[in-house]
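Please read the following briefing alongside the sequence and the coordinates. Its topics are enclosed space and the packing of helices.

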Amino acid sequence: MVVLFHASRFISPYFTGLGFKLFGGGSAMGVDLFFVISGFIMVYTTTGRGHVSVKEFLTKRVVRIWPPYIIVTLIYIVGSGSITKYFSSASDFGRLLNSFTFIPTAIGQLPALSIGWTLNFEMYFYFVFGAAMLFGRARWLAFFAWVLVTLVGLPLIAGRRFSIDGSVDYAFSIPYLNLLTSPLIWLFTAGVAIGLLHRTRLKFTSDFYARLCVFALTGCAIWQYFAGFRFTHGISFAGMFVTPLVLVIVLASKSVQFSVPRWAVYLGDISFSLYLVHAIAQEQLQATLEGLGLNLITAGASFVFLTTCLAICLAALSQRYLEKGLSGWLRRRSTRAIRHVDSPHVDETGALAGALPFPTDQGSTPARTRES
């Protein structure tokens, strides 16, 4: 959705004309959906783990995101010819360092790779979630207390009125305060709540109504997308239908087996890389063709198709060599090191001798969850 939104400018300028009618909702709805799913996944993949696995959890999250992001950012700024710009002044170099370390800058200023602004939120959420894990059985109390303090308490203390509108910026002088008080965090929080509901016995008692609810909310989300209704970020805006849609799919999946095409599963597998590299595919292909005097073919639906195909190809390579290759290698090495430090009884494969691969407080963890 985000890729096609950014490609919509090849049909008509952003937020105008046919490009907006076809793909205008992709950015807001796609990002909001991504945040909700992130919250759910964090609960799902850490079910049953105590404070012992916090180091491993955070290490895996960092090595999963950071190396591919850094490499793609460097490729992007070198390819766009802007690398000298970031070394021309202290402020620009500081912005580059902030981009590399997921630290937000001034209001309205994007990271070197623009889509990195969402990863700033993602990494912040990982650390908040990991910190909450330190509280053991009180982790959810700690988590939701932190959410209330930052999203409600801090704005009120500062004399502002708290909001659930994701476009609201409280304009604190410290940029990071604007991130941790951003109403966008409500989307992550909703995902966490959905994850906790998934762990309960709550489910649909009828497959008929389960499928009906999924169909109805899918229809509402599609309607919102094409109607251009409330196209700003936020749980009551672009997330108003995708949030309950995730909820009903999660609850329905307890009893209904949904069939997902293999190509869609693969797009899911490469989705992080696709998110990272699509700007390179779109901007560099356009610049290359225009440099060759082929301006006429760098516009229209055909160019949207071409750049999207190229982005998928680059994402497949990135996922294979950066995510599974580099990040996978770093994840295995770091996990093995952490387990050796945490326990003297670790066999050569990195598993705890005579115990589960991960310490738990609520029984064993499924194999696919451990792998995730």
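In this predicted model, the count of cavities of 30 Å³ or more comes to 1. The largest cavity has a volume of about 40 Å³, and its lining draws at least two residues from each of helix 6 (116–133) and helix 7 (139–157). Beyond the cavity, the briefing turns to helix 11 (residues 239–252), taking its contacts with helix 9, helix 10 and helix 3 in turn.

**The cavity and its lining**

- The residues that line the largest cavity are Tyr124, Phe125, Val128, Phe143, Trp146, Val147, Thr150 and Ile185.
- Helix 7 gives the most to this lining, contributing 4 residues.
- Sorted by class, the lining of the largest cavity holds 7 nonpolar residues and 1 polar residue, with no charged residue among them.

**Helix 9 against helix 11**

- The axes of helix 9 (residues 185–198) and helix 11 come within 9 Å and cross at roughly 15°; since angles under 35 degrees count as roughly parallel, helix 9 is therefore roughly parallel to helix 11.
- The crossing of helix 9 and helix 11 is right-handed, and on the helix 9 side the contact is made by Leu187, Ala190, Ile194, Leu197 and His198.
- From helix 11, this contact with helix 9 takes in Gly239, Thr243, Val246, Leu247, Val250 and Leu251.
- The residues of the contact of helix 9 with helix 11 divide into 8 nonpolar and 3 polar, and none is charged.

**Helix 10 against helix 11**

- Helix 10 (residues 207–227) packs on helix 11 at an angle of about 160°, their axes being 9 Å apart; because angles over 145 degrees count as roughly antiparallel, helix 10 is roughly antiparallel to helix 11.
- The crossing of helix 10 and helix 11 is left-handed, and the helix 10 side of the contact consists of Ala210, Cys213, Val214, Leu217, Thr218, Cys220, Ala221, Trp223 and Gln224.
- Helix 11 meets helix 10 through Met240, Phe241, Val242, Pro244, Leu245, Val248, Ile249 and Ala252.
- The contact of helix 10 with helix 11 comprises 15 nonpolar and 2 polar residues, with no charged residue.

**Helix 3 against helix 11**

- Helix 3 (residues 26–45) and helix 11 have axes 9 Å apart and pack at an angle of about 35°, with a right-handed crossing.
- In helix 3, the residues Met29, Asp32, Leu33, Val36, Ile37 and Phe40 meet Gly239, Val242, Thr243, Val246 and Val250 of helix 11.
- By class, the contact of helix 3 with helix 11 has 8 nonpolar, 2 polar and 1 charged residues.

**Helix 11 residues in more than one contact**

- Gly239, Thr243, Val246 and Val250 of helix 11 take part in the contact with helix 9 and also in the contact with helix 3.
- Val242 of helix 11 is listed in the contact with helix 10 and again in the contact with helix 3.

Definitions and conventions: Residues are numbered from 1 along each chain as its sequence is written. This is a predicted model: local features need pLDDT of at least 70, side-chain atom pairs count only at pLDDT 80 or more; totals for chains, interfaces and linings use all residues. Side-chain values use heavy atoms; hydrogens and water are left out. On a 1 Å grid over the protein atoms alone, a cavity is a set of points where a 1.4 Å probe fits but cannot get out, and a pocket is an open set with protein on both sides within 12 Å along at least five of seven lines; lining residues have an atom within 4 Å of a point. Grid points are joined across faces, edges and corners, and a volume is the space filled by probe spheres set on the points. Ala, Val, Leu, Ile, Met, Phe, Trp, Tyr, Cys and Pro count as nonpolar, Asp, Glu, Lys and Arg as charged, and the others, Gly among them, as polar. Axes are lines fitted to C-alpha atoms, for helices over the stretch in contact, and angles run from 0 to 180 degrees between N-to-C directions. Angles under 35 degrees count as roughly parallel, over 145 as roughly antiparallel, 65 to 115 as roughly perpendicular and the rest as oblique. A crossing is left-handed if the near helix is turned anticlockwise from the far one by less than a right angle, and right-handed if clockwise. Contact means heavy atoms within 4.5 Å.
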